[in-house]
Amino acid sequence: MKAIVASPFLWPPTHISYTLADELEKLLKSFGWDVVRLHGPQNLRVVFSYALKYHSDAVLIAYLGHASPTMFMGEEIGGPGILAVDNVGDVKERIIVGLPACLSAQKLGQATVNAGAKAFVGSLEEMYAAWVEQEHDYMADWFDYTLTFYRSLISSLNAGKTVREASEKALKDYKERCTYYMELYKQNLETWQNSDFYVHACRQNRDFVIGFIR
Amino acid sequence: MARLVVTVRDASTGAALPYTHVEADGVVLTAGLDGAAVFEVALGATKTIKVRHTAFRPWSRSVTIMAERVEVPADLEKALL
């Protein structure tokens, strides 16, 4: 199977999600998938639209970066977005995932499913990045719980599960992994000086991620 | 006594971040319009400062108060995608 992985490189939080996309690319390849990667400045509408058309066999479109309620922003702040409600493009029969990306489930999710996507997964609210802090590597945890979603989705699809089954299980596994890290941070509130923030960030990253599944 | 002045700014623009929560060893203040929070502290004390704003990476430092006025800039990085 084939996936398109789009990862802009705009400012510090998207520099980290870009690195996360590197890990996603490795994960997909380890499961035998072909990966079309759109790096940094390739995340323009014209390039993305061409990739969708040229790689019509890509079943998964993964976007990791800056987004708004109506679009995956790509590399141009204030631009038309690479995938937007006013130009959903060729998403028929595909799985669209905006994870991690802010707000895209508010409007873009329904728009892509209305246009024929089999599923859309994204967040109703803003999503947080995470960093390596002095007392703990929160970035590694963020990578782990985000990749838990993708790992679950990919392995279910490889096993022949339906998109609904695969998406629902991936969301469940993702949320359980977020909860694991939230509990870990709560247990270390007294000794990890930034853990209070990451409890909040992890909760937000967990609670507002939803799926639209046809 | 001494004064510990923590000034909170957006690292990418240099703009002050008013209303940010600034904590020094459990005492919480809200930064003013200029981004500053001023604590009265004992000279020679070591204070753990935490700065929290929902849109920015958390910021924490330990500072020893070695003068009657200690100024600490807290430049926050954006945390949201």
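Which residues does Val36(A) touch, not counting residues up to four places away in sequence? I shall open this presentation with that question. The structure before you is a predicted model, and every value I quote is computed from that model.

The answer is a list of five names: Lys2(A), Ile4(A), Ala51(A), His55(A) and Ala58(A). Val36(A) itself sits in strand β2 of chain A, which covers residues 34–39. One of its partners, Ala58(A), lies 22 residues away along the chain, with 8.6 Å between the two C-alpha atoms. Val36(A) counts as partly exposed, because 16 other C-beta atoms fall within 10 Å.

I turn now to the helices of chain A. Two packed helices are described by the angle between their axes and the distance between the axes. Helix α4, residues 138–158, packs with helix α5, residues 163–187, at an angle of about 160 degrees. Their axes are 8 Å apart. An angle over 145 degrees counts as roughly antiparallel, and α4(A) and α5(A) are therefore roughly antiparallel to each other. Their crossing is right-handed.

Which residues make this contact? On the side of α4(A), they include Asp141(A), Tyr145(A), Phe149(A), Leu153(A) and Leu157(A). On the side of α5(A), among them are Glu165(A), Lys169(A), Asp173(A), Arg177(A) and Tyr181(A). By class, the residues of the contact between α4(A) and α5(A) comprise nine nonpolar, four polar and six charged.

Helix α5(A) also packs with α6(A). Here the axes come within 9 Å and cross at roughly 165 degrees. This pair, α5(A) and α6(A), is therefore roughly antiparallel as well. The crossing of α5(A) and α6(A) is left-handed, whereas that of α4(A) and α5(A) is right-handed.

The contact draws on Lys175(A), Cys178(A), Thr179(A), Tyr181(A), Met182(A), Tyr185(A) and Lys186(A) of α5(A). From α6(A) it takes Ser195(A), Tyr198(A), Val199(A), Cys202(A), Arg203(A), Asn205(A) and Arg206(A). These residues divide into seven nonpolar, three polar and four charged. Two names deserve a second mention: Cys178(A) and Tyr181(A) of α5(A) take part in the contact with α6(A), and both also belong to the contact with α4(A).

One further residue of α6 merits attention. Gln204(A) lies in this helix, which spans residues 195–207 of chain A. Leaving aside residues up to four places away in sequence, Gln204(A) touches Glu125(A) and Tyr128(A). Tyr128(A) is 76 residues from Gln204(A) in sequence, yet their C-alpha atoms are 7.7 Å apart. Is Gln204(A) buried or exposed? Neither word applies in full: Gln204(A) is partly exposed, since it has 18 other C-beta atoms within 10 Å.

Next come some features of the backbone. A cis peptide bond joins Leu99(A) and Pro100(A), with omega about 0 degrees. Pro100(A) belongs to the loop between β7, residues 95–98, and α3, residues 108–114, of chain A. On the other side of β7, the loop that runs from β6 contains Glu93(A). Phi of Glu93(A) is positive, near 70 degrees, although the residue is not glycine. Glu93(A) is exposed, with 12 other C-beta atoms within 10 Å.

Chain B offers a further case of positive phi. Asp25(B), again not a glycine, has a phi of about 50 degrees. Its place is the loop between β2, residues 21–24, and β3, residues 27–30, of chain B. Asp25(B) is partly exposed, with 13 C-beta neighbours inside 10 Å.

What does chain B as a whole contain? There are seven strands and zero helices, so the pattern along the sequence reads β-β-β-β-β-β-β. The radius of gyration of chain B is 12 Å, close to the 12 Å that the globule rule gives for 81 residues, so chain B is as compact as a globular protein of that length. Its C-alpha atoms fill a box of roughly 40 × 20 × 15 Å along the principal axes. Buried residues make up 31% of the 81 residues in chain B. Among contacts in chain B between residues at least 6 apart in sequence, 49% join residues at least 24 apart.

Finally, I come to the meeting of the two chains. The contact takes 18 residues from chain A and 12 residues from chain B. Helix α1 of chain A, residues 12–30, gives the most to the side of chain A that touches chain B, with four residues. That side of chain A has 11 nonpolar, six polar and one charged residues.

Technical notes
Residues numbered from 1 in each chain as written. Chains lettered and ligands numbered in written order. Predicted model: local features only at pLDDT ≥ 70, side-chain atom pairs only at ≥ 80, totals over all residues. Axes fitted to C-alpha atoms, helices over the stretch in contact; angles between N-to-C directions. Parallel < 35°, antiparallel > 145°, perpendicular 65-115°, else oblique. Left-handed = near helix turned anticlockwise from the far one by under 90°. Contact = placed C-beta atoms within 7 Å. Nonpolar A, V, L, I, M, F, W, Y, C, P; charged D, E, K, R; others polar. Rg over C-alpha atoms; globule rule 2.2 N^0.38 Å. Buried ≥ 20, exposed ≤ 12 C-beta atoms within 10 Å, placed from the backbone.
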